[in-house]
Amino acid sequence: ATIGDRVWLDTNGNGLQDAGENGLADIAVGLVGLTGPGDSVSLNTTTSITGSYIFTNLVPGVYTVTVTATDPYTFTYANITEVSGATDANDSDANRLTGVMASTVITSGQVDLTWDAGLVEPVSLGNFVWHDVDADGIQDVGEPGIPGVTVTLTGAGRDRTFGNGDDTTLITTTTATGFYTFTDLLPGLYRVTVTRPDGYDRFS
């Protein structure tokens, strides 16, 4: 039997293999399993220049694929079944934290090429909350940052729209010298909300 498919760069972080998203070469992929007769199997390979990988000549049994993400990559959303257009052939199957895919049973002669993993480069966003002394909406030289301001990051959810019930409050932080940063985020759509601190009557 045969197991395999593709590791790709999920540029927009939606968990799906979209047109134009390239495969990633030289990514380590492991396969462990237990054959029908009870023998243990452990195999390793790396992806090709197109991101594809394959394990062939397998004795029928139960197998699990694991992909190892190398710096700077991490894994995208897995099994996005609730998003329009998602199928088992175009989604990512690797656990976001471990890279381990679900165990699968393969039978004699079966060719199962549906085990994909999407990788992303984490992104960061943030900037500065300041006292706009002259209320012109511009950060002028000498205008100070405001410490202790609460800043909240909200994600639009897997279907990339706000207000659909899938919005998620991801992180809340406070400014130190006025600056704030949210790191290690998946590519996607986000909303930043700044809570007006006491003593300030409005935003500029």
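**Exercise 1. Leaving aside its neighbours within four places in sequence, with which residues is D132 in contact?**

Before we start, note that this is a predicted model, where local features need pLDDT of at least 70 and side-chain atom pairs count only at pLDDT 80 or more, while totals for chains, interfaces and linings use all residues. Residues are numbered from 1 along each chain as its sequence is written, and side-chain values use heavy atoms, with hydrogens and water left out.

Step 1. Find D132 in the loop between strand 10 and strand 11; strands are DSSP runs of E with at least two residues, numbered from the N terminus.

Step 2. List the partners: D132 is in contact with G137, I138, E143 and S204, leaving aside neighbours within four places in sequence. Contact means heavy atoms within 4.5 Å.

Step 3. Look at the side chain of D132: one of its polar atoms lies 3.1 Å from the backbone nitrogen of D136.

Step 4. Check the accessibility: D132 counts as buried because its relative accessibility is 9%. The cut-offs are under 20% relative accessible area for buried, over 50% for exposed and partly exposed in between, with a 1.4 Å probe and protein chains only.

**Exercise 2. Decide whether V141 and D93 are buried or exposed.**

Step 1. Place V141 in the loop between strand 10 (123-128) and strand 11.

Step 2. V141 has a relative accessible area of 88%, so V141 is exposed.

Step 3. Turn to D93, in the loop between strand 6 (74-75) and strand 7 (104-106). Its relative accessible area is 5%, so D93 is buried.

Step 4. See what lies around D93: beyond the neighbours within four places in sequence, its contacts are N79, D88, V100, M101, T114, W115 and D116.

Step 5. Add two C-alpha distances. D93 and V65 are 28 residues apart in sequence and 9.4 Å apart in space. V141 and G85 are 56 residues apart along the chain and separated by 49 Å.

**Exercise 3. Work out the order of the 3 strands in the open sheet and name its edge strands.**

Step 1. The order is 12-11-14, with antiparallel pairing; two strands pair if DSSP finds at least two bridges between them.

Step 2. Strand 12 (168-174) and strand 14 (190-194) are the edges, each pairing on one side only.

Step 3. From one strand to the next, the twist averages 20°.

Step 4. Zoom in on strand 11 (residues 150-155), which is joined to strand 14 by 5 bridges. Here L153 has V192 of strand 14 as its bridge partner.

**Exercise 4. Trace the hairpin of strand 2 and strand 3.**

Step 1. Strand 2 (residues 28-35) pairs with strand 3 (residues 40-46) over 7 bridges in the antiparallel sense.

Step 2. Opposite L31 you will find L43 in strand 3.

Step 3. The hairpin has 4 residues between the strands, and G38 takes a positive phi near 100°.

**Exercise 5. Describe the protein as a whole, beginning with its helices and strands.**

Step 1. Count the elements: there are 0 helices and 14 strands.

Step 2. Take the overall dimensions: the C-alpha trace spans about 75 × 30 × 30 Å along its principal axes.

Step 3. Ask how much is covered: buried residues make up 37% of the 204 residues.

Step 4. Finish with the contacts that have a separation of 6 or more: 65% of them come from residues 24 or more positions apart.

Note on methods
Axes fitted to C-alpha atoms, helices over the stretch in contact; angles between N-to-C directions. Polar contact = N/O pair within 3.5 Å; in protein donor to acceptor, adjacent residues only side chain to side chain.
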